[in-house]
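This report describes selected features of one protein structure for a reader who has not seen it before. The sequence and the model are shown first.

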Amino acid sequence: MNEISFRQLEYFVAAAETGSVTAAAAKVHLTQSAVSTALSELEDNLGVQLFLRHARGLKLTTPGRQALADARRLLSGVDELRDSAREVQSALSGSLVVGCYSTLAAVLLPRVIADFVARYPDVDLGFIEGSGQYLVSQLRGVGCDLALMYEADELRLAKDLRMTALYAAEPYVLLARQHPLAERDAVGVADLAAEPMILFDLPPGATYFLSLFKEAGLTPDVRYRSTNFEMVRSLVAHGLGYAVLTQRPTIPISYDGLELVTLPLAPRRPGLSVGLVRLADLTPSRRAVAFAEQCARTLGAPIDSFHG
């Protein structure tokens, strides 16, 4: 059996990402026959079929999907080795992709990015946004190097993921300015149970917010659900209900200019943990460690175990 080469892995990843031999050949600047031969040799060496070949292109098999994640990890390691060798005598450089939970992205990420690129201008920084489930899938497929997100059951139970906590985001109540409860100093879940609720329904938020009522033996009257943070705020601003949230924009108005009021939830509850998640068995790059340290500096949070 011939040895597997990194070139074969590069061509395999290109074919998987583009969905055809023709597109992969164009991406890696080779002939179609060369790419096709490399893919066949890789399948022979691995002893599995990586693609289903049809008239419209290529489709990954189940072993192919697993091999793709492994290939990306290997290639990422090679890139890191190359970059580390260069960085011994130079400033931090290379590429870094950061994932971020949707509601954290607009509130936290721009501040961190601005501070990071000012400190490390040679790093090619990119980011992706989405739900916790989407970010976990991207981490496992090496679609991003690390992710800023809320802690969830999936993270606590997953042995292949590691989370380093930054801070806890405490829940609060969001009300329209004209809401009868808006003049109070604080609001309890018992005060809210009979009111219509606008539920932010992007995991793990929904589970956490509903648990606050469940702990008190109450069931909220969920009138509307939305996975869009600003949609929730706008529905509340129009007097259609209240919301319980954790991320708190500094501007107390909705997109359409209506005033909102934020009140503490009484009694105080443990907040949702926000932290940085990475693959447990993949040593983070110097760039990833630098980004984690920048998160701590910008957000004023202690962090000492991200790379451990």
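The largest cavity in this predicted model has a volume of about 60 Å³. How many cavities of 30 Å³ or more does a search of the whole structure find? The search finds one. Its lining is made up of Y101, T103, Y150, F200, G205, F209, F229, L245, T246, Q247 and L272. By class, seven of these lining residues are nonpolar and four are polar, while none is charged.

The second largest pocket holds about 600 Å³ of space. It is lined by 28 residues, and those closest to its centre are V107, F229, Q247, R248 and P249. F229 and Q247 are also among the residues that line the largest cavity. The lining of the pocket divides into 13 nonpolar, eight polar and seven charged residues.

The table lists the elements that each supply at least two residues of the lining of this pocket.

| Element | Residues |
|---|---|
| α5 | 102-119 |
| β6 | 161-169 |
| α10 | 229-237 |
| β12 | 260-266 |

Which element gives the largest share of the lining of the second largest pocket? That element is α5, with six residues.

Another of the contributors, α10, can be followed in further detail. Eight of the nine residues of α10 are buried, so the helix is largely enclosed by the rest of the structure. The buried residues are F229, E230, V232, R233, S234, L235, V236 and A237. They pack against α5 and β12, both of which also supply residues to the pocket lining. Further packing partners of these buried residues are β7 (172-176), β9 (196-200), β10 (221-226) and β11 (243-245).

Both ends of α10 have a local feature to note. At its start, a side-chain oxygen of N228 comes to within 3.0 Å of the backbone nitrogen of E230. After the helix comes G239, which has a positive phi, near 75 degrees.

One residue of a strand completes the report. A147 belongs to strand β5, which covers residues 146-150. Is A147 buried or exposed? Its relative accessibility is 0%, and therefore A147 counts as buried; the cut-off for buried is under 20%. Apart from neighbours within four places in sequence, A147 is in contact with G99, L135, L139, G275, L276 and V277. A147 and R177 are separated by 30 residues in sequence, and their C-alpha atoms are 35 Å apart in space.

Key: Residues numbered from 1 in each chain as written. Predicted model: local features only at pLDDT ≥ 70, side-chain atom pairs only at ≥ 80, totals over all residues. Heavy atoms only, no water. 1 Å grid on protein atoms, 1.4 Å probe; cavity = no way out; pocket = protein on both sides within 12 Å on 5 of 7 lines; lining within 4 Å. Points joined across faces, edges and corners; volume = space filled by probe spheres on them. Nonpolar A, V, L, I, M, F, W, Y, C, P; charged D, E, K, R; others polar. Helix = DSSP H or I, 4+ residues; strand = E, 2+ residues; numbered from the N terminus. Buried < 20%, exposed > 50% of the residue type's maximum accessible area, 1.4 Å probe, protein only. Contact = heavy atoms within 4.5 Å. Polar contact = N/O pair within 3.5 Å; in protein donor to acceptor, adjacent residues only side chain to side chain.
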